[in-house]
Amino acid sequence: MTKVLIVDDESPVREAVKLLGEWERLGVTNVIEASDGDEAKAIIVKERPALVLSDIQMPRCNGIELMEWLHREAEATKLIVLTGYDEYSYMRRAIQLGSFDYLLKPIDPDVLNDTLERALVDVRPTEDDPILQIGAYIERHYAEELSLQGMSERFFLSREYISRRFKQQYGVNLSEYLLSIRMLEAKRLLETSRQRIYEVAQAVGFSDDKYFRKVFKKQVGVTPNEYREQYQQQV
């Protein structure tokens with residue numbers, strides 16, 4: 001089920017987009033509306049749309065603020081900026097925040113549907129297997145505090161679903177996968193840098209270097225210092 005959310009404080013604009021979009025051809029099953037960013041956030045959390053089309057100038061929470069929120073809280077959701085302001089500063093900020101495209105009002109039907117089609121083709125692999133997105137997120141953010149609950153909130157999926165599908169996809173649970181990524185990076189840093197052990201620990205997401213040493217020895221079989229010494233002897 002593919003859902004699209006249209007966010008604009010002007011009702012005629014929302015209606016125009018709804019009328020111009022070739023939703024059935026594009027496989028969109030539900031087109032939802034919101035009048036500002038705050039309303040959009042609540043809908044996104046509840047409905048989990050694959051794609052958001054958002055105006056920039058809106059009361060309360062504007063489009064830039066909504067994009068910043070999406071960038072932090074719903075990274076897998078694609079966003080198309082929909083606005084009457086052809087200004088470089090807006091386009092630049094939209095690009096920085098990862099927007100898929102930037103459409104100017106009045107809306108051209110052909111441009112709208114071409115952009116929708118490209119965005120939905122891009123987003124559907126994410127819908128088909130969101131677990132791959134979670135795995136990729138862990139690989140980029142391994143140094144941060146990550147948890148099953150945090151992934152559930154960020155990707156709008158239940159903890160049970162993530163836990164079951166993640167193990168099916170990767171053969172280990174989420175915490176084990178995170179640990180394996182951290183250990184690989186720790187070994188790389190021990191091999192290639194002169195960072196102290198506590199600095200390596202912090203770089204891979206451990207606030208307590210004593211705990212890091214204990215975990216490293218359990219996973220690798222030697223202490224971090226021993227690993228570094230063995231590597232240096234080999235090269």
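Student: Which residue is the bridge partner of valine 7 in S3?

Tutor: That's serine 54. Keep in mind that we're looking at a predicted model.

Student: OK, and what about valine 4, which residue is its bridge partner in S3?

Tutor: Leucine 51. Both pairs sit between strand S1 (residues 2–7) and strand S3 (residues 51–54), which run parallel and are joined by 4 bridges.

Student: What stands opposite leucine 51 in S4?

Tutor: Lysine 78. S3 and S4 also pair in the parallel sense, over 4 bridges.

Student: How does the chain get from S3 to S4, and what's the hand of the crossover?

Tutor: The path goes through H4, and this β-α-β crossover is right-handed.

Student: Which way do the S3 side chains go, and are they buried or exposed?

Tutor: Leu51 and Leu53 point one way from the strand, while Val52 and Ser54 point the other way. All of these are buried.

Student: Zooming out, what's the strand order in the sheet?

Tutor: S2-S1-S3-S4-S5, so to speak left to right on paper: 5 strands in an open sheet with parallel pairing.

Student: Which strands stand at the edges?

Tutor: Strand S2 (28–34) and strand S5 (101–104). Each has a single partner strand, so one side of each is left without a neighbour in the sheet. As for twist, neighbouring strands are turned by 20° against each other on average, ignoring direction.

Student: Which strands does helix H3 lie across?

Tutor: H3 (residues 37–47) lies across S1, S2 and S3, and runs at about 150° to S2. Helix H4 (residues 63–73) packs on the sheet too, touching S1, S3 and strand S4 (78–83). The direction of H4 makes about 175° with that of S4.

Student: Back to S1 for a second. Is threonine 2 buried or exposed?

Tutor: Threonine 2, which lies in S1, is buried, with a relative accessible area of 6%; that's under the 20% cut-off. Its C-alpha atom is 9.4 Å from that of leucine 26, and the two residues are 24 residues apart along the chain.

Student: New topic: how many residues are in the largest nonpolar core?

Tutor: It has 29 residues. Ile134, Ile138, Met151 and Phe212 have the most contacts inside it. The elements that give two or more residues are H7 (130–141), H8 (148–155), H9 (159–170), H10 (174–192), H11 (197–203) and H12 (209–220). H10 provides the largest share, 8 residues.

Student: And what does isoleucine 134 contact, leaving aside neighbours within four places in sequence?

Tutor: Met151, Phe155, Leu157, Ile162, Phe166 and Leu174. There's another core apart from this one, with 21 residues, among them Ala40, Ile56, Leu70 and Val81.

Student: Let's stay with H10. Which of its residues are buried?

Tutor: Leu174, Tyr177, Leu178, Ile181, Arg182, Met183, Glu185, Ala186, Leu189 and Leu190. An α-helix has 3.6 residues a turn, so residues three or four places apart point the same way.

Student: What do those buried residues pack against?

Tutor: H7, H8, H9, H11, H12 and helix H13 (224–234).

Student: How far apart are the end C-alpha atoms of H10?

Tutor: They're 27 Å apart. At 1.5 Å a residue, its 19 residues should span 27 Å, which agrees.

Terms used: Residues are numbered from 1 along each chain as its sequence is written. This is a predicted model: local features need pLDDT of at least 70, side-chain atom pairs count only at pLDDT 80 or more; totals for chains, interfaces and linings use all residues. Side-chain values use heavy atoms; hydrogens and water are left out. Two strands pair if DSSP finds at least two bridges between them. Axes are lines fitted to C-alpha atoms, for helices over the stretch in contact, and angles run from 0 to 180 degrees between N-to-C directions. Contact means heavy atoms within 4.5 Å. A nonpolar core is a set of buried Ala, Val, Leu, Ile, Met, Phe, Trp, Tyr and Cys residues joined through side-chain atoms within 4.5 Å. Buried means under 20% relative accessible area, exposed over 50%, partly exposed in between (1.4 Å probe, protein chains only). A crossover is right-handed if, with the strands pointing away from the viewer, the path from the first strand over the helix to the second runs clockwise. The expected span of a helix is 1.5 Å times one less than its number of residues.
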